[in-house]
Amino acid sequence: MNKFYFNVLQRSRSFIERISYRTYGISAEDLEKIKKFKEEKEKISNDPNRSAKILKDEFSRYKKGVFRPPEPKVPKYSEYVVIGGGIMGSSIAYAMKNRAPDSFEVMVIERDPKYTRSSSALSVGGIRQQFSLEENVKLSLYSADFLRNVKQHLSVLDDDPPDIQFQPQGYLFLATEAGVDQMIKSHKIQRELGAKIELLKPVHLKQKFPWLNVDGIELGSYGFENEGWFDPWALLSAFKKKACSLGATYVNGEVIGFEFENHSQVRGEEALPLLQANYLYLKDELGDIHCVEFGYLVIAAGPFSAEIARLLHIGEGSGLLKVPIPVEPRKRYVYVISCEDGPGIDMPLVIDPSGAYARREGLGGKYICGRSPAPHEEPDVSNLEVDYNFFDNSVWPPLCHRIPAFNSIKVSSAWAGYYDYNTFDQNVIFGPHPYYNNVFFATGFSGHGIQMAPAIGRSMMELLIDKCYVTIDLQRFHLNRIFHDTPLHEQNIV
Ligand SMILES: Cc1cc2nc3c(=O)[nH]c(=O)nc-3n(C[C@H](O)[C@H](O)[C@H](O)COP(=O)(O)OP(=O)(O)OC[C@H]3O[C@@H](n4cnc5c(N)ncnc54)[C@H](O)[C@@H]3O)c2cc1C
């Protein structure tokens with residue numbers, strides 16, 4: 001075969017490979033758009049009159065006195081691209097830009113700029129250090145300190161400082177006999193790390209919280225400092241605003257696919273396929289396709305992170321690409337109830353041994369409550385409709401038993417949101433993917449993500465810039481544990 005035909009064959013093969021790779025997880029319509037986009041691009045770059053057209057374009061701008069070309073709607077390149085502009089993506093963008101505002105570009109791609117379905121906007125906003133794993137306690141302690149100084153960290157010149165409405169009322173976990181050993185074990189870890197948590201026997205619980213029914217309770221664990229709740233929307237907005245003020249670019253669009261370079265290596269008889277991803281396709285709000293080149297990619301797409309991973313063949317290939325990211329959306333309901341004679345202002349966020357929880361909401365006799373469904377009760381996740389029967393059957397009965405004042409309530413409203421649920425061990429999946437040297441994850445928080453966001457942003461910044469952990473070592477949260485099938489369970493999941 002002569003050299004010319006060999007080259008043609010090679011080129012067409014790599015083209016077919018790229019196209020077939022791209023078809024994973026993309027709708028036929030979007031694939032057609034990507035193909036058209038590519039054809040258009042090729043037509044432009046092969047146009048023999050291209051140079052003349054560019055000169056004409058520049059000349060006409062100079063004639064009009066416009067010396068800078070218009071900013072493209074979607075930048076064509078960014079050293080760091082973050083997929084997902086929720087609390088994680090925004091905290092990461094902030095931490096990166098805060099470290100070095102002028103040294104690199106950070107682009108955040110968000111498909112739902114009003115955050116109507118984002119977990120961050122639909123969260124309950126609780127923060128606690130009552131975890132069973134050291135790393136989670138440390139992440140939450142770091143975040144508590146950050147939130148304490150949030151005005152200093154996230155204020156933007158000429159704007160009101162952020163007001164995240166932190167309510168320092170604490171968390172109260174309750175344990176029956178079955179849960180006492182674990183509670184004591186976790187408490188030891190928490191105290192050693194500096195968390196302000198006290199264990200209370202039923203008699204002391206009753207003294208401190210007279211509205212509580214302690215029947216069947218053996219021990220309570222109460223966080224009296226750095227625990228409570230805040231307004232998640234205010235924190236998300238503050239991170240985003242600050243990140244933008246430091247130079248991060250937010251782009252409105254949905255990531256729908258990637259372009260791959262095939263760097264296959266031949267070793268002896270064996271051919272080792274190696275894909276490199278440095279280009280993504282995004283669809284803007286008008287349906288137009290854009291291609292963005294990136295150096296590093298951070299996937300912080302919350303409950304939908306595994307979908308993005310699939311676009312990178314993660315979980316659909318072989319070898320290191322075989323293992324999927326075990327994160328999926330799980331619907332969780334939050335009910336707002338009115339109770340005139342409820343526990344009142346000093347009520348902490350109470351978690352009954354059944355898993356049902358409640359806390360005060362504002363100062364007008366309102367409370368919010370909920371409970372994670374049992375595995376056999378997991379609702380359909382195709383929509384965010386609320387099931388009020390779940391309240392009647394699974395939330396209200398245990399709460400009335402624990403807080404008798406809740407016998408007399410009215411449900412005033414409710415909403416549902418998605419947990420970014422890690423089905424493997426209910427813990428964050430953090431750090432690099434072992435196959436791609438430029439793809440990183442921050443996902444799978446399973447209901448405790450909003451409080452971790454400040455620390456997660458910092459940790460990702462350290463990993464990307466310092467190439468190691470400086471503040472909190474999160475290596476145990478890397479994907480390796482999933483590849484080696486060694487789960488790292490967090491016991492305190494609400
Ligand atoms: C009801 C409820 C109560 C909760 N309570 C608490 C609590 O009390 N304390 C706590 O710590 N945590 C709580 N959480 C969990 C917490 O809210 C989440 O862990 C956290 O918000 C996750 O943030 P995120 O940025 O990863 O995800 P998200 O906020 O979901 O952000 C991800 C973003 O990615 C975008 N995206 C997805 N796919 C694409 C794509 N292809 N292209 C572009 N953009 C894309 C989405 O639009 C979304 O905005 C709760 C969650 C829920 C639902």
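Visitor: In which sense do strand S19 and S20 pair, and over how many bridges?

Guide: In this predicted model, strand S19 (residues 429–432) and S20 pair in the antiparallel sense, over 4 bridges. A hairpin of 6 residues joins S19 to S20, and within the pairing Gly 431 stands opposite Phe 441 in S20.

Visitor: Which strand pairs with S20 in the parallel sense?

Guide: That is strand S13 (residues 289–299), which pairs with S20 over 3 bridges. As a point of reference for the register, Val 298 has Phe 440 of S20 as its bridge partner.

Visitor: How many residues of S20 are buried?

Guide: A residue counts as buried if 20 or more other C-beta atoms lie within 10 Å of its own. In strand S20 (residues 439–443), 5 of the 5 residues are buried, so the strand is largely enclosed by the rest of the structure. Taking the faces in turn, Val 439, Phe 441 and Thr 443 are buried on one side, while Phe 440 and Ala 442 are buried on the other, which leaves both faces covered.

Visitor: What share of the 494 residues of the chain counts as buried?

Guide: For the chain, the share is 40%. Its secondary structure comes to 13 helices and 20 strands, and the C-alpha atoms fill a box of roughly 90 × 60 × 45 Å along the principal axes. The radius of gyration is 26 Å, which agrees with the value near 23 Å that a compact globule of 494 residues would have. Of the contacts in the chain with a separation of 6 or more, 75% are between residues 24 or more positions apart.

Visitor: Where is Phe 239 found, and is Phe 239 buried or exposed?

Guide: Phe 239 is found in helix H9, and Phe 239 is buried because 30 other C-beta atoms lie within 10 Å. Not counting residues up to four places away in sequence, Phe 239 touches Ile 87, Ser 90, Ser 91, Tyr 94 and Leu 154. Separation along the chain and separation in space are best read together: Phe 239 and Ala 453 are 214 residues apart in sequence and 9.8 Å apart in space, C-alpha to C-alpha.

Visitor: Which residues is Ala 238 in contact with, leaving aside its neighbours within four places in sequence?

Guide: Ala 238, found in helix H9 (residues 232–245), is in contact with Val 150, Leu 154, Pro 162 and Ile 164. Ala 238 counts as buried because it has 24 C-beta neighbours inside 10 Å, and the C-alpha atoms of Ala 238 and Ser 91 are 9.4 Å apart, with the two positions 147 residues apart in sequence terms.

Visitor: How many other C-beta atoms lie within 10 Å of Asp 346?

Guide: For Asp 346 the count is 11, and therefore this residue is exposed. Asp 346 lies in the loop between S14 and strand S15 (349–351), and Asp 346 and Tyr 77, which are 269 residues apart in sequence, are 51 Å apart in space, C-alpha to C-alpha.

Visitor: What is phi of Asn 226?

Guide: Most residues other than glycine have a negative phi. Phi of Asn 226, however, is near 65°, a positive value in a residue other than glycine. Asn 226 is found in the loop between strand S6 (219–223) and strand S7 (228–229), and Asn 226 counts as buried because of its 22 C-beta neighbours inside 10 Å. Gln 426, which is not a glycine, has a positive phi of about 55°; Gln 426 is found in the loop between S18 and S19 and, with 20 C-beta neighbours inside 10 Å, counts as buried.

Visitor: Which residues come nearest to the ligand?

Guide: Of the 41 residues around the ligand, Gly 84, Gly 86, Gly 302, Gly 417 and Gly 449 come nearest. The elements that give two or more residues to this shell are helix H4 (87–99) and strands S2 (106–110), S9 (254–262), S14 (327–338) and S18 (410–422). S18 gives the most, with 4 residues, and by class the shell has 18 nonpolar, 17 polar and 6 charged residues.

Visitor: Over which residues does pLDDT stay under 50?

Guide: Where pLDDT is low, the predicted coordinates should not be read in detail. Here pLDDT stays under 50 over residues 1–24, for which the model has 16 contacts beyond four places in sequence. The mean pLDDT of the chain is 91, and 92% of its residues reach 70 or more.

Key: Residues numbered from 1 in each chain as written. Predicted model: local features only at pLDDT ≥ 70, side-chain atom pairs only at ≥ 80, totals over all residues. Near = placed C-beta within 6 Å. Nonpolar A, V, L, I, M, F, W, Y, C, P; charged D, E, K, R; others polar. Buried ≥ 20, exposed ≤ 12 C-beta atoms within 10 Å, placed from the backbone. Rg over C-alpha atoms; globule rule 2.2 N^0.38 Å. Contact = placed C-beta atoms within 7 Å. Pairing = 2+ DSSP bridges. pLDDT = per-residue confidence, 0-100.
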